[in-house]
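Trainee: I should like to request a close look at the aromatic residues and their surroundings in this structure. Please connect the account to the rest of the fold where that is useful.

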Amino acid sequence: MNQVFILGVVSFFVDISTEMVYPILPLFLTAALKANVAMLGIIEGFAESIASILKVVSGYLSDRLQKRKFLAILGYGFSWFGKIFFLLATTWQYVFTGRLVDRIGKGVRTAPRDALIADHSPQNKRGFAYGVHRALDSLGAFAGVALLLFFVSTDSFNISDIGQYKKIFAISIIPAFIGWILLFTIKDKPAIQKKQTGINLPLKTLPKRLKMFLAFTFIFALGNSSNQFLLLKIQQETGSSVMMLVAYLIFNCIYAVGSIPCGKISDMMGQKFVLIAGYLVYGIVYWLFAAGGNIAFYMSALGLYGFYMALTDGVEKSLVSQIAPEELKGSMLGLHATLVGLGLLPASIITGFLWQTFGAAVAFGFGGSLGIFAAVGLFFIL
């Protein structure tokens, strides 16, 4: 479990970096670079989805080569390198390139890292292990947002001033680089020594339970657009970047605090009911955003969204590692991540289009409906 903790610390630093940038990217695009909301959806959709193709490939390679650490190092290296494009940005194309480089890195590292967590944790404690990792990851996100809030609230932040954004982008590179260096202390501990030959994902012979689970998680992903739409909605409704970041801070706090308890509960009660509860909470949150309200309303809704993340993020991975064939563990974690990521392309594009054409209420209502539908589906098939 010591190696799991180190992986969590790596994610802690990398997420400090990510969350110093992520919440203000929609403002950087729409207010500073003058892109529209539909363009935000296209950038987020393509960046997440194209990168996600790499998740199943890297998962397969980690199983075949038994070099999970190398792939994780390669992927995390992209995290700090991609932010250089934000420093150079004068048009939305730079932001798109930076997001693509960053998400390619996530695609390369996600499945090998998750497989490393499974390799270094007992099977009956994997929910707890993933919960520990997600807690440290989201604690880093909390710290990143807190730092961003400090800079925004003390620097007379002007959402149209490109230079102020770039100061934050430059500082954000430092923690990502620290996390990348720490990753070199991780040791490979392959669970299966036998190497495979050729890309072979025998989908027809996979357990029916696993195939149905992957199908409904993909349906859920079709309504799970980028979180940046939630942040943009809060900023537009309240007119305050500071209040937007405070709400996001609450989200990350609840996510961090809830990850380990939710992981433990899933080990005791089974991942099925925890995951279904998470999907239902997601649907409720998106319908709350469709209805709208004051700043206290949005803070409460985003806090509930943090609870959804705690219920689902690590639990999904734990469930996949439990029901996947042992020799395909990394590949199936990669396939799951790929399906979720591929759903983000249509999800973010559809949400951006619906928002631009019919308004935010229709866009969030669409996502909420698919969340509830997927929850009901999982109840009957798992």
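Over the face of which residue does Lys-272 lie, and at what distance from the ring centre?

Mentor: Lys-272 lies over the face of Phe-379, 5.2 Å from the ring centre. Before going further, one should note that this is a predicted model. The average pLDDT of the chain is 86, and 95% of the residues score at least 70. Residues 193-199, however, have a pLDDT below 50, although this stretch has 13 contacts in the model beyond near neighbours in sequence. Where pLDDT is low, the predicted coordinates should not be read in detail.

A second charge over a ring is that of Arg-109, which lies over the face of Tyr-76 at 4.4 Å from the ring centre. Arg-109 also leads to Ser-79, since it is among the residues that Ser-79 touches, the others being Val-14, Thr-18, Asp-102 and Ala-176, with residues up to four places away in sequence not counted. Ser-79 belongs to helix H4, residues 68-81, and counts as buried because its relative accessibility is 0%, under the 20% limit. Of its partners, Ala-176 is 97 residues away in sequence, yet the two C-alpha atoms are 6.5 Å apart in space.

As for pairs of rings, a search of the whole structure finds 33 aromatic pairs. One of them joins Phe-12 and Phe-13 in an edge-to-face arrangement, with 5.2 Å from centre to centre and 80 degrees between the planes. Phe-13 has a relative accessibility of 22% and therefore counts as partly exposed. Helix H1 spans residues 2-21; its 20 residues reach 30 Å from first C-alpha to last, close to the 28 Å expected at 1.5 Å a residue. Because 15 of these 20 residues are buried, H1 is largely enclosed by the rest of the structure.

Tyr-305 and Tyr-308 offer another ring pair, with centres 5.1 Å apart; their planes stand at 40 degrees, so the pair is tilted. The two residues are three places apart in helix H13, and therefore about one helical turn separates them. An α-helix has 3.6 residues a turn, so residues three or four places apart point the same way. Tyr-305 is buried at 2% relative accessibility, and Tyr-308 is likewise buried, at 4%.

Tyr-305 also has a place in the largest nonpolar core, which holds 101 residues; Phe-28, Phe-289, Leu-302, Tyr-305 and Phe-364 touch the most other members. Helix H13, residues 295-323, gives the most to this core, with 13 residues. Phe-28, for its part, is in contact with Leu-33, Phe-86, Ala-89, Val-95, Ile-162, Tyr-165 and Phe-169, leaving aside neighbours within four places in sequence. From Phe-86 one can pass to Thr-97: they are eleven residues apart along the chain, and their C-alpha atoms are separated by 8.6 Å. Thr-97 lies in helix H6, residues 92-119, and at 30% relative accessibility counts as partly exposed.

Finally, Lys-34 stands in the loop between helix H2 (25-32) and helix H3 (37-65). Lys-34 is exposed, because its relative accessible area is 63%. Its phi is near 65 degrees, a positive value in a residue other than glycine. Most residues other than glycine have a negative phi.

Notes
Residues numbered from 1 in each chain as written. Predicted model: local features only at pLDDT ≥ 70, side-chain atom pairs only at ≥ 80, totals over all residues. Heavy atoms only, no water. pLDDT = per-residue confidence, 0-100. Contact = heavy atoms within 4.5 Å. Core = buried A, V, L, I, M, F, W, Y, C linked by side-chain atoms within 4.5 Å. Buried < 20%, exposed > 50% of the residue type's maximum accessible area, 1.4 Å probe, protein only. Helix = DSSP H or I, 4+ residues; strand = E, 2+ residues; numbered from the N terminus. Phe/Tyr/Trp six-rings, centres within 6.5 Å; stacked < 30°, edge-to-face > 60°. Lys NZ or Arg CZ within 6 Å of the ring centre and 35° of its normal. Expected span 1.5 Å × (residues − 1).
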